[in-house]
Amino acid sequence: MLSIDPAELSERENYKLLIGSIIPRPIAFVTSLSEPGIINGAPFSFFNIVSSNPPMISVSIARKNGQMKDTARNITSSKEFVVHIVDEKNVHQINETAASLPPDQSELQIANLTAIPSTKVAVPGVKEAKVRMECKLYRHLELEGNADLLIGQILQFHIEDSIYENGKINANGLSAVSRLAGHDYAIIGDVFEILRPK
């Protein structure tokens, strides 16, 4: 087995080992509002659950040349955002939003995504997602000037009726898409159950 010291690797080499090892990763499509009121939308796969009480999620956004990306800048300014789960039906539209656009142009327009008002935050969500979560910023951590770790507290869930069953989400109905390495994505394949020991 290879033994590798990350301190001896470049950022890109560490990145490749991380995204190739930590798979599959859920994809968050995050909407935020700029100060002039432009809706920004972008996908991030450095995303996961932090806590269920209160319900919190985390999104880590890498900086570009040391500068905050629009999403991180908008969220740290407004303290609000909406997280959507990327699924088989919307993944191609969401992929379009990964294009680099100027801050005064909305990714929702180029991807033909439909903005929908939120209940508890000013930031709109998108209609095409089966699950969306309205969030307020709980904590922002600047990581060595290279990334912004955002922890959001969920204020409101929105879940498509057809995938909601007795307080649970039907995984097959959601058909979430996950990120692998390179240009590769994955869908849920064989599902198996293992009972936890008591």
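Helices (H or I, at least four residues) and strands (E, at least two) are DSSP runs, numbered from the N terminus. We're working on a predicted model, where local features need pLDDT of at least 70, side-chain atom pairs count only at pLDDT 80 or more, and totals for chains, interfaces and linings use all residues. Residues are numbered from 1 along each chain as its sequence is written, and side-chain values use heavy atoms, with hydrogens and water left out.

**Exercise 1: a salt bridge in H2**

Task: Find what the side chains of Asp70 and Arg73 do together, and work out how far apart the two stand in helix H2.

Solution:
- Start with the contact: Asp70 and Arg73 meet in a salt bridge at 2.3 Å, N to O. The term calls for a side-chain nitrogen of Lys or Arg within 4 Å of a carboxyl oxygen of Asp or Glu.
- Next, the spacing: Asp70 and Arg73 are 3 residues apart in H2, so about one helical turn separates them.
- The general rule: an α-helix has 3.6 residues a turn, so residues three or four places apart point the same way.
- Now check the burial, where buried means under 20% relative accessible area, exposed over 50%, and partly exposed in between (1.4 Å probe, protein chains only). Asp70 counts as buried at 18%, while Arg73 is partly exposed at 36%.

**Exercise 2: the Arg63 network**

Task: List the salt-bridge partners of Arg63 and say where each pair sits in the chain.

Solution:
- Take Glu142 to begin with: its side chain meets that of Arg63 at 3.6 Å, N to O. Glu142 is in strand E9 and Arg63 in the loop between E5 and H2, 79 residues apart.
- Then Asp148: its salt bridge with Arg63 comes in at 2.8 Å, N to O. Asp148 lies in strand E10, so this pair ties together parts that are 85 residues apart in sequence.
- Compare accessibility: Asp148 is buried at 0%, Arg63 is buried at 17%, and Glu142 is partly exposed at 48%.
- Put it together: shared partners join Arg63, Glu142 and Asp148 into one network. The structure holds 3 salt bridges.

**Exercise 3: the core and H2**

Task: Describe the largest nonpolar core and say what covers the buried residues of H2.

Solution:
- Get the term straight: a nonpolar core is a set of buried Ala, Val, Leu, Ile, Met, Phe, Trp, Tyr and Cys residues joined through side-chain atoms within 4.5 Å.
- The largest one has 22 residues, and Val30, Ile57 and Val83 have the most contacts inside it.
- Elements giving two or more residues to this core include strand E2 (28-33), helix H2 (70-78) and strand E6 (80-85). E9 gives the most, with 4 residues.
- There's also a second, separate core of 16 residues, which includes Leu33, Val86, Leu108 and Ala111.
- Back to H2: its buried residues are Asp70, Thr71, Ala72, Asn74, Ile75 and Thr76. Their cover includes E2, E3, E5, E6, E9 and E10.
- Just after H2, Lys79 takes a positive phi of about 70°.

**Exercise 4: a small sheet**

Task: Give the strand order of the open sheet that holds E1, and say which strands stand at its edges.

Solution:
- The order is E1-E13-E14, with antiparallel pairing. Two strands pair if DSSP finds at least two bridges between them.
- E1 (25-26) and E14 (185-187) stand at the edges with a single partner strand each, so one side of each is left without a neighbour in the sheet.
- Between E1 and E13 (residues 177-179) there are 2 bridges, and Arg25 has Arg179 of E13 as its bridge partner.

Notes:
Contact means heavy atoms within 4.5 Å.
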